[in-house]
Amino acid sequence: GIQDPPAVTDPMFKEIAAENLKQVKLQLQREQDGPGVAERCASAHASAQEDGLIKATTFSEKRHFFSHGACIEVWINSSVVEEAKTNGAAFGAGESAPLDPRLAVCKVGQEESHTVLLHPTPLFPKQMALVPSRFLVEATPEAPAEEVAPEAEAPVSAPVSEQAPPVSAPEMEVQEDQAAPAPAAPPSLLVPPHRFRSDAQEDLSLSDFTAAVELLR
C-alpha cells in the first residue's frame, strides 16, 4: 500500500528548509551587492575578448611525461626568451605597465584593498592578477595646449580685381577636416611592479590573503 508521509520532524524537511534559506540569502545579497565575483569575471572576460584586449599566449608544443608516478604536463613557448628580453628592456628599471582600464574587473578584500585585473596576455583562459589598489594609478592623457592666435589687424579692403575667389563648399569641407583636432588617447591604468621583493615592509600580509580567498570562493 501507500506509505505514510514523513513526519514534520524528519531531517529531510530541515535540509530542504536550510537550502531554501540559503537561496533566499544569496538572492538578497545579489540584489544588494550585485553579481558575484565569478560572474563579474566571466562577463568582463567575454567583453575583453570581444574588444580585442586579450591576446592569448601561443604554445608551440605541449608534452606529457611521468615522473615518480605523477603525470606532468609541460607547455613550451618558443618566443618566451624574446618576450622576456622585451619586457626586461621596457620594465626592468621598475617602470609601470600601462593597461586598458576595461581589464579591471572589480575590487575585493577588506575595504576594497585589492583590484582584480584580467591579464592582457594570459597563459590560460581567464588568468587574472590581484593587485593592491593603492599601487594603481589611472593616467589620463593631457590635452594639448591650444595655440593662441595673434591679434588680427583691421581688415583692409582690396580692389575687386585682387580679391580671392570664393571657396566652393567641397573645398571648405576639406579645410575643416584638416583643421579637426586629433582624438585624445584613451586613459590607461598604470600597474607598477610589486615591492615585496625589494622592500620588507611590502611583504605579503593578511589583507593580500584575505583578498585572494575572496576571489577564489
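Which residue forms a salt bridge with E61? That one's R63, and the closest N and O atoms of the pair are 2.8 Å apart. Before I go on, remember that this is a predicted model.

Okay, salt bridges, since we've started there. The structure holds 3 of them. In the one we just met, R63 is partly exposed, at 44% relative accessible area, and E61 also counts as partly exposed, at 35%.

The other two bridges both involve R102. Its side chain meets that of D100, with 2.9 Å from N to O, and R102 also forms a salt bridge with D51, where the closest N and O atoms are 3.7 Å apart. I like the D51 pair, because of where the partners sit: R102 is in the loop between β3 (97-99) and β4, while D51 is in the loop between α2 and β1 (61-67). That's 51 residues apart, so the pair links distant parts of the chain. Put the bridges with shared partners together and D51, D100 and R102 become one network. As for accessibility, R102 is partly exposed with a relative accessible area of 48%, D51 is partly exposed at 42%, and D100 is partly exposed at 23%.

Now go one residue along from there, to the core. Which residues touch the most other members of the largest nonpolar core? They're L103, V105, V116, L117 and L118, out of 20 residues in that core. Two or more residues each come from α2 (37-50), β4 (104-108), β5 (114-118), β8 (188-191) and α5 (206-216). The largest share is from α2, which gives 4 residues. In general terms, nonpolar side chains tend to be buried together in soluble globular proteins.

Take L103 as an example. If you leave aside neighbours within four places in sequence, L103 is in contact with A48, L53 and I54, and also with V116, L117, L118 and P120.

On to the sheet. It's an open one, with 3 strands in the order β4-β5-β6, and the pairing is antiparallel. Which strands stand at the edges? β4 and β6 (128-132) do; each has a single partner strand, so one side of each is left without a neighbour in the sheet. On average, and ignoring direction, neighbouring strands here are turned by 25° against each other. If you want to look at the pairing itself, β4 and β5 are joined by 4 bridges, and C106 has V116 in β5 as its bridge partner. V116, you'll recall, is one of those well-connected core residues, the ones that touch the most other members.

Then there are the helices. α2 lies across β4, β5 and β6, and runs at about 160° to β4. α5 lies across β4, β5 and β6 as well, and for that helix the angle is about 145° to β6.

Last topic, cysteines. How many disulfides does the structure hold? The count is 0. Take C41: the nearest cysteine sulfur belongs to C106, and that's 5.3 Å away, so with a cut-off of 2.5 Å for a disulfide, C41 is in none. Is C41 buried or exposed? C41 is buried, with a relative accessible area of 8%. C71, on the other hand, is partly exposed, at 49%.

And to finish where the network sits: R102 is the residue that bridges to D51 and to D100. Happy to pull any of this up on the screen.

Key:
Residues numbered from 1 in each chain as written. Predicted model: local features only at pLDDT ≥ 70, side-chain atom pairs only at ≥ 80, totals over all residues. Heavy atoms only, no water. Core = buried A, V, L, I, M, F, W, Y, C linked by side-chain atoms within 4.5 Å. Buried < 20%, exposed > 50% of the residue type's maximum accessible area, 1.4 Å probe, protein only. Contact = heavy atoms within 4.5 Å. Pairing = 2+ DSSP bridges. Axes fitted to C-alpha atoms, helices over the stretch in contact; angles between N-to-C directions. Salt bridge = Lys/Arg side-chain N within 4 Å of Asp/Glu carboxyl O.
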